[in-house]
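Here's a quick tour of a fold, going from one ring contact to an enclosed space and then to a few individual residues. Have the viewer open while you read.

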Amino acid sequence: MANPPALEPVFDVAHLLSWAQRSASELDRRRVEINQLNVFPVPDADTGSNMAHTMAEAVREAAKLDESASLVEVAEALAVGSMRGARGNSGVVLSQVIRGVAQSVGGGEVTGEVVAEALSSGVDFVERAIVDPVEGTVVTVLLAAADAARDAVGKPLDKVVEAAAVAAREALERTPSQLAALRDAGVVDAGGTGLVILLDELLAEVT
């Protein structure tokens, strides 16, 4: 007898909130580590703090909703909170990715296609929000994740998220070869590290 087909992972309101809370906690826990990677464009050691603050504000805004809030309402609240709380370029990038999520869940569910669309929308928003994005930064990592997710559309949600997370991690490891400041300091990009954390937490939530 043939095995039954694998079920598509379900990603509902509770999962979205859990992902946001886990991401906020992990960014805060690794805030100092990410700050120490922050050497570009100037070594002001605030990228980790900026991303942690941005995600915390997203969670805080979503917490204002009552328990009956829909997936769309929660996604929109996360986007509003992150955009209001965005600090620095890294915070702006993070907020635009969450904005992409909010724009992409109009159908009321999260699928692999929604994740791919959210990341692609995030790229579009970031390219409009940041003048002259530099190769080897968080924008490069985001673009790699979006491309991989788009290539994986048609597969189950967890496989699309996994493809995006793996591509982001690989792109992050390449950043020192793309940016002299990172190469000279012997570090990877700080903002890209924060983005990889978000995707790793999403993968953990999905699986």
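Start with Arg99, which lies over the face of Phe125 at 3.8 Å from the ring centre. Keep in mind that this is a predicted model. What is the count of aromatic pairs? It comes to 0.

**The cavity**

Next, the empty space. How many cavities of 30 Å³ or more does a search of the whole structure find? The answer is 1, and the largest cavity holds about 210 Å³ of space. Its lining is made up of 15 residues, and Trp19, Val101, Val115, Ala118 and Leu202 are the ones nearest the centre. Several helices chip in: helix 1 (13-29), helix 5 (88-104), helix 6 (112-129) and helix 10 (190-206) each give at least two residues to the lining of the largest cavity. As for chemistry, that lining splits into 15 nonpolar residues, no polar ones and no charged ones.

**Three residues to click on**

Here is how three residues sit in terms of relative accessibility.

| Residue | Helix | Relative accessible area | Class |
|---|---|---|---|
| Val141 | helix 7 | 0% | buried |
| Ser120 | helix 6 | 16% | buried |
| Arg22 | helix 1 | 33% | partly exposed |

Val141 is part of helix 7, which spans residues 138-151. Why does Val141 count as buried? Because its relative accessibility is 0%, and buried means under 20%. Setting aside neighbours within four places in sequence, Val141 is in contact with Ala168, Ala171, Leu172, Thr175, Gly192, Leu195 and Val196. If you like C-alpha distances, Val141 and Glu173 are 9.4 Å apart in space while being 32 residues apart in sequence.

Ser120 sits in helix 6. Ser120 also counts as buried, since its relative accessible area is 16% and the cut-off is under 20%. Leaving out neighbours within four places in sequence, Ser120 is in contact with Ala146 and Arg150.

Then there's Arg22, over in helix 1. Is Arg22 buried or partly exposed? With a relative accessible area of 33%, Arg22 is partly exposed. Beyond neighbours within four places in sequence, its contacts are Glu201, Ala204 and Glu205. Arg22 and Met55 are 33 residues apart along the sequence, and their C-alpha atoms are 9.9 Å apart in space.

Methods: Residues are numbered from 1 along each chain as its sequence is written. This is a predicted model: local features need pLDDT of at least 70, side-chain atom pairs count only at pLDDT 80 or more; totals for chains, interfaces and linings use all residues. Side-chain values use heavy atoms; hydrogens and water are left out. Helices (H or I, at least four residues) and strands (E, at least two) are DSSP runs, numbered from the N terminus. Buried means under 20% relative accessible area, exposed over 50%, partly exposed in between (1.4 Å probe, protein chains only). Contact means heavy atoms within 4.5 Å. Rings of Phe, Tyr and Trp (its six-membered ring) pair if their centres lie within 6.5 Å; planes under 30 degrees apart count as stacked, over 60 as edge-to-face and the rest as tilted. A charge sits over a ring if NZ of Lys or CZ of Arg is within 6 Å of the ring centre and within 35 degrees of the ring normal. On a 1 Å grid over the protein atoms alone, a cavity is a set of points where a 1.4 Å probe fits but cannot get out, and a pocket is an open set with protein on both sides within 12 Å along at least five of seven lines; lining residues have an atom within 4 Å of a point. Grid points are joined across faces, edges and corners, and a volume is the space filled by probe spheres set on the points. Ala, Val, Leu, Ile, Met, Phe, Trp, Tyr, Cys and Pro count as nonpolar, Asp, Glu, Lys and Arg as charged, and the others, Gly among them, as polar.
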